[in-house]
Amino acid sequence: MTATPDTRLEALGYALDDIPGPGAIYKPVVVSDNLVFVSGAVPIAHGVLQFKGKVPTEVSLEDAQRAARLCAANNLRMVLQALGSLERVARVLRLTGYVNTAPDFTEQHLVINGASDLLRSVLGEAGVGGRTAVGMAQLPLNSAVETDLILELRP
């Protein structure tokens, strides 16, 4: 049996049914033709924010990378819930990563590598798309990281 993106995500330790709900007024996933816009996800697992604070003063670089992986997993679980299967995803067009950083921190790109690595592990090379990694003065709930995605669907 060939592994699917869904089974790869679960094999990496991310239960498919642990899907964070929206924290405000928005749709987690919006589909327009063959494009999927995935709202921002913070590192919530089992309903609890896992990584809070500034990188690297309150959250280490390594923990921030783990937070970014969890954010990307949450993005994918939101897509799975909306579409029924990650096999419908043709490729990642863009990953945007936001890092809650101390003023002098300049390694946001290394933090968001955690999300990029997760997406590639689940979707293969189709999981590697365009990307932006930026430092922010603050994120919702004092989250260390947040990610959002733009995806292309298979015809």
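In this predicted model, Gly-97 has Thr-147 as its bridge partner in β7. Gly-97 also has a bridge partner in β6, namely Ala-133. The strand pairings behind these two bridges have opposite senses: β5 and β7 pair in the antiparallel sense over 9 bridges, while β5 and β6 run parallel and are joined by 7 bridges.

**The sheet**

These strands belong to an open sheet of 5 strands with mixed pairing, in the order β1-β2-β7-β5-β6. Its edges are formed by β1 (29-32) and β6 (130-136), each of which pairs on one side only. Direction ignored, neighbouring strands of the sheet are turned by 15° against each other on average. In general, the strands of a sheet pair through backbone hydrogen bonds, in either a parallel or an antiparallel arrangement. The pairings are collected below.

| Strand pair | Sense | Bridges |
|---|---|---|
| β1 and β2 | antiparallel | 4 bridges |
| β2 and β7 | antiparallel | 5 bridges |
| β5 and β7 | antiparallel | 9 bridges |
| β5 and β6 | parallel | 7 bridges |

Within the pairing of β2 (residues 35-41) with β7 (residues 145-153), Phe-37 has Ile-150 of β7 as its bridge partner. At the edge of the sheet, Ser-32 stands opposite Leu-35 in β2. The strands β1 and β2 form a hairpin with 2 residues between them. Asp-33 is found in the loop between these two strands, and its phi is near 55°, a positive value in a residue other than glycine.

**Helices on the sheet**

Helix α2 packs on the sheet and touches β1, β2, β5 (89-100) and β7. The direction of α2 makes about 40° with that of β7. Helix α3 lies across β5, β6 and β7, and runs at about 155° to β5. Both helices therefore contact β5 and β7.

Helix α2 itself has 23 residues and reaches 33 Å from its first C-alpha to its last, close to the 33 Å expected at 1.5 Å a residue. The residue that follows α2 is Gly-84, whose phi is positive, near 90°. Ahead of the helix, Pro-56 lies in the loop between β4 (48-49) and α2. A cis peptide bond joins Val-55 to Pro-56, with omega about 0°.

**Packing of α2 against α3**

Two packed helices are described by the angle between their axes and the distance between the axes. For α2 (residues 61-83) and α3 (residues 108-123), the axes come within 7 Å and cross at roughly 40°. This crossing angle makes α2 oblique to α3. The handedness of the crossing is right-handed.

On the α2 side, the residues that meet α3 are Leu-61, Ala-64, Gln-65, Ala-68, Arg-69, Ala-72, Ala-73 and Leu-76. An α-helix has 3.6 residues a turn, so residues three or four places apart point the same way. On the α3 side, the contacting residues include Leu-110, Val-111, Ile-112, Gly-114, Ala-115, Asp-117 and Leu-118. Leu-119, Val-122 and Leu-123 of α3 also take part in this contact. By class, the contact of α2 with α3 has 14 nonpolar, 2 polar and 2 charged residues.

Note on methods. Residues numbered from 1 in each chain as written. Predicted model: local features only at pLDDT ≥ 70, side-chain atom pairs only at ≥ 80, totals over all residues. Heavy atoms only, no water. Axes fitted to C-alpha atoms, helices over the stretch in contact; angles between N-to-C directions. Parallel < 35°, antiparallel > 145°, perpendicular 65-115°, else oblique. Left-handed = near helix turned anticlockwise from the far one by under 90°. Contact = heavy atoms within 4.5 Å. Nonpolar A, V, L, I, M, F, W, Y, C, P; charged D, E, K, R; others polar. Pairing = 2+ DSSP bridges. Expected span 1.5 Å × (residues − 1).
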